[in-house]
Amino acid sequence: MSVMVRFGRRVAFLRRGEWVCADRRLEARLNRAMNEWIQETGGPPFDDRDQERTAAKEMAARFGGHIVRRVRPPRARTAQEFLARRQMEFRFTAVGRSR
């Protein structure tokens, strides 16, 4: 566990850049919202000493939760995990047919 967040009567954990929760719908919503936040804003600053905590604070604010506990993970590990999430995603779809 890196960060434990309470959302009403449910608890979710952010660990190694992924949300885990007994409520699978909440888990999916948190992971999707975090990915969108990172793609839109770049996520936590690169020099942030605890990027998981910053991401958890953002999701707690968006979903009405609060941080209950946290364990500071190795900084290099979380920096690498969030760097991978910051990579741009391109979706290539066929718009029309070529003849």
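Phe7 is buried, with a relative accessible area of 4%. In this predicted model, Phe7 takes part in a cluster of rings together with Trp19 and Phe63. Phe7 also ranks among the residues with the most contacts inside the largest nonpolar core. The briefing starts with the whole chain, then turns to the core, the rings and two single residues.

**Overall fold**

- The chain contains three helices and four strands.
- Their order along the sequence is β-β-β-α-α-β-α.
- The chain has 99 residues, and 34% of them are buried.
- Of the contacts with a separation of 6 or more, 61% join residues 24 or more positions apart.
- About 7,000 Å² of the chain is exposed. Carbon and sulfur atoms supply 49% of that area.

**Nonpolar core**

- The largest nonpolar core holds 17 residues.
- Val5, Phe7, Leu14, Trp19, Leu30, Met34 and Met59 have the most contacts inside this core.
- Three strands each give two or more residues to the core: strand 1 (3-7), strand 2 (10-15) and strand 3 (18-21).
- Helix 1 (24-41) and helix 2 (51-63) also give two or more residues each.
- Helix 1 gives the most, with six residues.

**Aromatic pairs**

- The chain has two aromatic pairs.
- Phe7 and Trp19 form an edge-to-face pair. Their ring centres are 6.2 Å apart, and the planes meet at 65°.
- This pair links strand 1, which holds Phe7, to strand 3, which holds Trp19. The two residues are 12 apart in the chain.
- Trp19 is buried, at a relative accessible area of 1%. That value falls under the 20% cut-off, so Trp19 counts as buried.
- Phe7 and Phe63 form an edge-to-face pair as well. Here the centres are 6.4 Å apart, with 90° between the planes.
- The Phe7 and Phe63 pair joins strand 1 to helix 2 across 56 residues.
- Phe63 is partly exposed, because its relative accessible area is 22% and the buried class ends under 20%.
- Ring pairs thus link Phe7, Trp19 and Phe63 into a cluster.

**Cys21**

- Cys21 lies in strand 3.
- Cys21 counts as buried because its relative accessibility is 5%.
- Beyond its neighbours within four places in sequence, Cys21 is in contact with Val11, Ala12, Leu26 and Glu27.
- Cys21 and Met4 are 17 residues apart in sequence. Their C-alpha atoms are 9.9 Å apart in space.

**Trp37**

- Trp37 sits in helix 1.
- Trp37 is buried, with a relative accessible area of 7%.
- Leaving out residues up to four places away in sequence, Trp37 touches Gly42, Gly43, Pro44, Thr54, Ala55, Glu58, Met59 and Arg62.
- One of these partners, Met59, is also among the residues with the most contacts inside the largest nonpolar core.
- Trp37 and Glu58 are 21 residues apart in sequence, and their C-alpha atoms are 8.8 Å apart.

Note on methods
Residues numbered from 1 in each chain as written. Predicted model: local features only at pLDDT ≥ 70, side-chain atom pairs only at ≥ 80, totals over all residues. Heavy atoms only, no water. Buried < 20%, exposed > 50% of the residue type's maximum accessible area, 1.4 Å probe, protein only. Contact = heavy atoms within 4.5 Å. Areas by Shrake-Rupley, 256 points an atom, 1.4 Å probe, with all protein chains shown as cover. Core = buried A, V, L, I, M, F, W, Y, C linked by side-chain atoms within 4.5 Å. Phe/Tyr/Trp six-rings, centres within 6.5 Å; stacked < 30°, edge-to-face > 60°.
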